[in-house]
Amino acid sequence: MMPPLIEDGDTSGAPMNGIPLLRHACHTFLVILAFALSACNRAESSSPFHATELHDPTFGRELRLPDTQGRLRTLDDFRGAVVGVYFGFLQCPDVCPTALSRAVEVKRLLGEEGNRFRIVFITVDPERDTPEVVRAYLAAFDPSFVGLVGNPEEVARTAKEFRVYYRKVPTGSSYTMDHTATTFVYNAHGKLRLAVPHSLSAEDFAADVRRILAE
Amino acid sequence: MLTTKTRRSLGLALMFGAFTLPAWAQTVKVEDPWVQATVAGQKATAAFMKLTADAPVKLTGGKTPVAPVVEIHEMVMEGDVMKMRAIDGGLPLEAGKTVELKPGGYHVMLIDLPKPLKEGEKVPLTLTFTDAEGKTFDVAVEAPVHPLKREHEKGEHGKKAGHEM
Ligand SMILES: [Cu+2]
């Protein structure tokens, strides 16, 4: 099983006039609570990361899929950079563009270090997502994003290795894909370090990547 | 929360209603519609907007010349797994309460696009609503196409033009 992922609940688009003070009070309370908890349970809450920190996980150890040019890619190709691996599909009108737009923003927030942050997008819908379309799609976000397009068996094997869930679901005349929306972050030495939940903000994500870059 | 603009248009709507009585027709106000751009070969996208109905109705469908299939969808996160589903029976709207179709929630799904939608294009979209008696009516809008790469938005309301507070 995946470790429980942190939900930070900032996805609401509701106006918040007049709330900052209350929010500040809540924040203070949470800080105190977090401190109290850390005092009694040091080992549990000592992670400096906003995302879920992974300690020598037994998953995500291998990645071996063709990119959109047909070249076989492995994790070794990305040594020296922090890599975020994300599974998605192109007919996803919602969370995939949100996650990829967030990755663009993380890269921007990293400033000069942004070129040491790479995104690898793995399609879970190889039936419809051809290499050409995946390449054009990722280029609309950032030309440095790498798309991996395996055949159905390769995709299934990779998802299993990452403990990523995906499933084809019929909808009206067509079908959609349920899928795990977690971004898996590797450090520059190729070690899987973080599971970043979909709800994490670009700011917190960037702060975590900055810390990972220093490892 | 009503903006000045909204209040004014509601006022106008009420006046207009008074003049046209008794032939009072239900309406739904559609604000800030937009459609997400696609690249060549990408067969589906979504339209987002804000809807305010003047009576309890449901958004039950739509039509557009850019796609043969239009469905009303909901996106939900279960843990960190995303699921997208068609909303059976349509999206209910309460009278006077604005429902925002936005990423992370509801959208109008446009399926089997024959060609890509580019930023700056306008997509004609006719939304179909069903009232409490089962009668349907249409509202037509033009939704501009916004780029795939979204502008950075924080959790707070801070997006898109047209809002005077
Ligand atoms: Cu949808």
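Buried here means under 20% relative accessible area. The model in these views is predicted.

**View 1. Two buried copper ligands, His73(B) and Met84(B)**. Met84(B) has a relative accessible area of 3%, so Met84(B) counts as buried. His73(B) is buried as well, at 1%.

**View 2. The copper ion has four donor atoms**. The coordinating atoms are ND1 of His73(B), SD of Met84(B), NE2 of His107(B) and SD of Met109(B). They sit at 2.0 to 2.4 Å from the metal. The angles subtended by the donors run from 102 to 118°, which makes the site tetrahedral. For four tetrahedral donors, the ideal angle is 109.5 degrees.

**View 3. Copper donors along the chain**. Their spacing reads H-x10-M-x22-H-x1-M. His73(B) belongs to strand β4 (residues 69–78) of chain B, and Met84(B) to strand β5 (residues 81–86) of chain B. The pair therefore ties together parts eleven residues apart in sequence.

**View 4. The interface of chain A and chain B**. Chain A contributes 46 residues to the contact, and chain B contributes 40 residues. About 3,200 Å² is buried between the two chains. Carbon and sulfur atoms account for 55% of that area.

**View 5. Arg85(B) meets Asp178(A) in a salt bridge**. The N to O distance between these side chains is 2.7 Å. The count between chain A and chain B is one salt bridge. Across the interface, 14 residue pairs are in polar contact, both residues at pLDDT 80 or more. On the side of chain A that touches chain B, the elements giving two or more residues are α2 (95–109), α3 (131–139), β7 (166–171), β8 (174–180) and α5 (202–213) of chain A.

How values were computed
Residues are numbered from 1 along each chain as its sequence is written. Chains are lettered from A and ligands numbered from 1 in the order in which they are written. This is a predicted model: local features need pLDDT of at least 70, side-chain atom pairs count only at pLDDT 80 or more; totals for chains, interfaces and linings use all residues. Side-chain values use heavy atoms; hydrogens and water are left out. Donors are N, O and S atoms within 2.8 Å of the metal (3.2 Å for Na, K and Ca); water is not among the atoms, so sites may look incomplete. Four donors count as tetrahedral if all angles lie between 85 and 135 degrees; four count as square planar and six as octahedral if opposite donors are over 155 degrees apart and all others between 65 and 115; anything else is irregular. Helices (H or I, at least four residues) and strands (E, at least two) are DSSP runs, numbered from the N terminus. Buried means under 20% relative accessible area, exposed over 50%, partly exposed in between (1.4 Å probe, protein chains only). Contact means heavy atoms within 4.5 Å. Buried area is the accessible area (1.4 Å probe) that two parts lose on being put together, summed over both. A salt bridge is a side-chain nitrogen of Lys or Arg within 4 Å of a carboxyl oxygen of Asp or Glu. A polar contact is a pair of N or O atoms within 3.5 Å; within protein, one must be able to donate a hydrogen and the other to accept it, and residues adjacent in sequence count only if both atoms are side-chain atoms.
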